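Let's take a walk through this one together. Have a look at the model first, and then we'll go from the overall picture to single residues.

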Amino acid sequence: MGLEFKLGSEILRTVIVRTMDEILIVAGIIVLRAVLTFLLHWEIKNEEEEAKK
């Protein structure tokens, strides 16, 4: 949830200050969020399959 607020604040700040560094920070946060979401879904799927066995 904290990552959502961080992403929102970075996007708002990027609208105001358009430097390449700011854009790279936002891109990094988006990639990090996507990786975390993927890993969480993968782990939940594996746990469910393991519980069925």
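How much area does the protein expose, and what share of it do carbon and sulfur atoms supply? The protein exposes about 4700 Å², and carbon and sulfur atoms supply 69% of that (Shrake-Rupley method, 1.4 Å probe; for residues, only the protein chains shown count as cover). Bear in mind that this is a predicted model, where local features need pLDDT of at least 70, side-chain atom pairs count only at pLDDT 80 or more, and totals for chains, interfaces and linings use all residues. Residues are numbered from 1 along each chain as its sequence is written, and side-chain values use heavy atoms, with hydrogens and water left out.

Now the fold: there are two helices and zero strands (DSSP runs numbered from the N terminus, H or I of at least four residues for helices, E of at least two for strands). Along the principal axes, the C-alpha atoms fill a box of roughly 55 × 20 × 10 Å. Of the 53 residues, 11% count as buried (under 20% relative accessible area; exposed is over 50%, partly exposed in between, with a 1.4 Å probe and protein chains only).

On to helix 2, whose buried residues are Glu22, Val26 and Ile29. Val31 also sits in helix 2, but this valine counts as exposed because its relative accessible area is 53%. Ile44 belongs to helix 2, residues 20-52, and is partly exposed because its relative accessibility is 47%. From Ile44 to Leu12 it's 32 residues in sequence and 32 Å in space, C-alpha to C-alpha.
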